Amino acid sequence: HKYVYDFAEGNKDLKDLLGGKGANLAEMTNLGLPVPPGFTITTEACKAYLTTGREPDGLAGQIEAHLESLEREMGRRLGDPDDPLLVSVRSGAKFSMPGMMETVLNVGLNDRSVVGLSAQAGGNDRFAWDSYRRLIQMFGKTVCEVPGEEFEHALDEAKRAKGTKNDLDLDADDLRGLVDAYKQIFAKHTGREFPQEPREQLDLAIRAVFESWNAERAVLYRRQERIPADLGTAVNVVSMVFGNLGPDSGTGVAFTRDPGSGAQGIYGDYLANAQGEDVVAGIRNTVPLQELEQLDKTSYDQLLGIMARLEEHYKDLCDIEFTIERGKLWMLQTRVGKRTAAAAFVIAGQLVDEGLIDLDEALHRVNGAQLAQLMFPRFQLDHDFQPVAKGIGASPGAASGKVVFTSARAVELAAEGESVILVRRETNPDDLNGMIAAKGILTSRGGKTSHAAVVARGMGKTCVSGADELEVNVPAKTFTVAGHTVGEGDVISIDGTTGKVYLGEVPVMPSEVVQYFEGSLDPEHIDNPLVRAVHRIMTHADAARRLRVRTNADTGADAARARRFGAEGIGLCRTEHMFLGDRRELVERLILASGEREREDALAALLPLQRADFIEIFREMDGLPVTVRLIDPPLHEFLPPLEQLAVNVAVAQERGEDVAKEEALLAAVRRMHEENPMLGLRGVRLGLVIPGLFAMQVRAIAEAAVAVARDGGSACPEIMVPLVGAVQELETVRAEAEKIIAEVVGDSGVEVLIGTMIEVPRAALTAGQIAEAAEFFSFGTNDLTQMGWGFSRDDVEGAFFWRYLELGIFGISPFESIDADGVGRLVRIAAEEGRAARPGLKLGVCGEHGGDPDSVHFFHEVGLDYVSCSPFRVPVARLEAGRAAI
Ligand code: ADP
Ligand code: MG
Ligand code: MG
């Protein structure tokens, strides 16, 4: 079995096997770019190690062989005392997990080869000892779990002794002393000396990278990002190049376009005389990459050339890591870079203009989750809000909340329902929990590529980084800025697009993308590149998609807004909302009616109100189908709660008031009490038990449609019967409804369809029969999930879903994204058997899933005619329906 690949043997499409980093190092090597030689140990080796707890057979030998050939190529042996080869040991999974796993640099250094390294560098002792102390530090922390702060403290101590804050001021002797201190720390925590044998260092480091796959923060990150838990990481062994050799050396990171806005140009950070992590760790302040032109024009020009080449090759935004060793440029990493939602749209549009991709590909490159982000509200700054600081807009959005300084406090306050802004000098992987809990993240150090920025962008969370006017004092739980002192619990607002920070709570307004959807921005005449890109890609999605998109709306206002957002009808108009407020009393009268007369009176009072509701909605949806669901919830939901009534009755009796009505209500509530109301008297069952109720609704719908038609409009009502499990239920309702419709509609030309929800598993399984009595099906996937799994939706999410997610029983709540295998199978069966019984049967879905990207793809694939979702999700569903179709 082949477990080890030389860089020259791989390519960018082997990410499953070589991880993203390894596959792209191979790709760059084969493009002829300057990549330090090395090899990749596969994810399969990692998986084998993680299942059996030991290296698979043959791995050690293959590593040996590849190491030997690397040594031959470099003309140096690993850790040779006189002329050592040093390597880095780098994790690299299929999906990038920034900072989540481990990397060890300078492997191969020991008490003897440190001298050889210095000689190689022309007697540069400072450099050699700096490299050695870094190895002990990284190796100790990563491989042997020595607490990182201990090393940090020792470093701070050395700087204090020297009277400096800058690690560059430490000379060779200081660093040699530091190596001794580090070794003592290492020995104290591990009970052994720092390993001097280079090959042992290498093997232990490889093993640690394997194991870092299961580090707590990596597990948490994967769950958050929905990365499967069983992929494993590859390990890259790369010959070292040195950015810490002096002022003519350095290291940097760069993007080929702005990952925040998508704008073209060169974006990056550079740090002279530094190694690896220094750039992103925010240890010293980096300079913008453009300044490299002054420092080393040859390398700068070469770098720009390589960046252009990479973009053309990957046909996408790339991010890169590079190091300059004494004027020689080395590429250490590239990948298709993460970006904000806005940048994703803008870049996709630009690449189409540049002829690198076509519109189908552009549509692939964006997704509904990103579009949803662009619909977040923005700060409304027309009042006297002056920013107190400006950092880097690292991840867009507008967030206000209470300031917290620790991850733990963020989690605590968020659990109490507070919005919090996590404020730190810089974040590190241990802050992940707090970052998840916070509404926004604000740091005083670090650029667009800092930990905070990268992770926040990945989470779609608002982040301002590098606001260096902020003096953050974590122990005191305050920060000071522009003469203000802000403490824990004070409210601030941060704008992740502009990087501005405000004291207090700034009001918000709709984003430009929402304004565009609302129709108040003309896409053809606007120079906002984001709106232009959204318009273009949405237009393409609309042309490509087969699924229609409707909305769930219960009022004329919602219907109107959804229509502007592109809804092509209403897939679910709930009528129960129409019985609330003042009308509750009429429902009470209906429930308490003691005879036919009283009941008919109550219904007669409701009829004109319902009719008026429908007229409004039909007008807004003129010419488009409107599915109206007959009343669905148990009637006692319209009555006051039992306890409250009991108290009212008691109090009134005490006062000697007339309590006849309250008593009657109380009795009704007692009589109607159900142990499992969601499985009780509701939906079609109500219609069959309470004479005249459905009839009144059907009449109101038909009369409203006729009224609209008479005014020259066009109403296309579809009456939907909820909770049907047997065709006989539907037939009974249908027989009565048809009579009323025929009577009301007369020769007005109005057409009213009658169909049913498929939300009880039995309905899905007898769909062939039910289709005989239904002109359409609408899948109520909320109830279908609830009844399919036997999960009470209102109870399970808080009670135990976290555990199911933790155990991986499902990767996402089945109420959020359709469970394709189980509940989805019911949908598939019903769609097939329903259409077999009645060709042309209209099929739609009206659960929350209608606006969920993955579910939209599933419904497309099953062949439904439309999805229906809340107005704000309509653009998301349109986009995803387009993506599903190409
Ligand atoms: P991460 O995945 O967290 O970015 P990397 O494996 O890329 O971790 O390495 C961490 C840092 O060390 C990066 O800045 C990288 O460029 C640097 N680095 C890794 N390997 C080498 C090497 N062989 N020579 C010099 N620097 C290296
Ligand atoms: Mg890296
Ligand atoms: Mg339902």
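In the predicted model, domain 1 (4-239) and domain 2 (250-336) each contribute at least three residues to the shell around ligand 1. This shell comprises 15 residues, of which S88, R90, T103, V238 and G276 come nearest to the ligand. Two or more residues are supplied by each of the strands β5 (87-93), β6 (103-107), β11 (318-325) and β12 (328-336). In chemical character, the shell around ligand 1 consists of six nonpolar, six polar and three charged residues.

The two domains that contribute to this shell belong to a chain whose domain assignment also gives domain 3 (341-372 + 512-531), domain 4 (376-509) and domain 5 (545-634 + 674-885). Between the C-alpha centres of domain 2 and domain 5, the separation is 55 Å.

The loop that runs between β7 (233-239) and β8 (250-257) contains L245. L245 is classed as buried because 24 other C-beta atoms lie within 10 Å, the criterion for a buried residue being 20 or more. When residues up to four places away in sequence are left out of account, the contacts of L245 are with A121, N124, F127, E325 and R326. Of these partners, E325 falls within the range of β11 (318-325), one of the strands that give two or more residues to the shell around ligand 1. With respect to S91, L245 is separated by 154 residues in sequence, and the C-alpha atoms of L245 and S91 are 25 Å apart in space.

Technical notes:
Residues are numbered from 1 along each chain as its sequence is written. Chains are lettered from A and ligands numbered from 1 in the order in which they are written. This is a predicted model: local features need pLDDT of at least 70, side-chain atom pairs count only at pLDDT 80 or more; totals for chains, interfaces and linings use all residues. A residue is near a molecule or strand if its C-beta atom, placed from the backbone, lies within 6 Å of it. Helices (H or I, at least four residues) and strands (E, at least two) are DSSP runs, numbered from the N terminus. Ala, Val, Leu, Ile, Met, Phe, Trp, Tyr, Cys and Pro count as nonpolar, Asp, Glu, Lys and Arg as charged, and the others, Gly among them, as polar. Domain bounds come from an automatic or database domain assignment. A residue is buried if 20 or more other C-beta atoms lie within 10 Å of its own, exposed if 12 or fewer, and partly exposed in between; C-beta atoms are placed from the backbone. Two residues are in contact if their C-beta atoms, placed from the backbone, lie within 7 Å.
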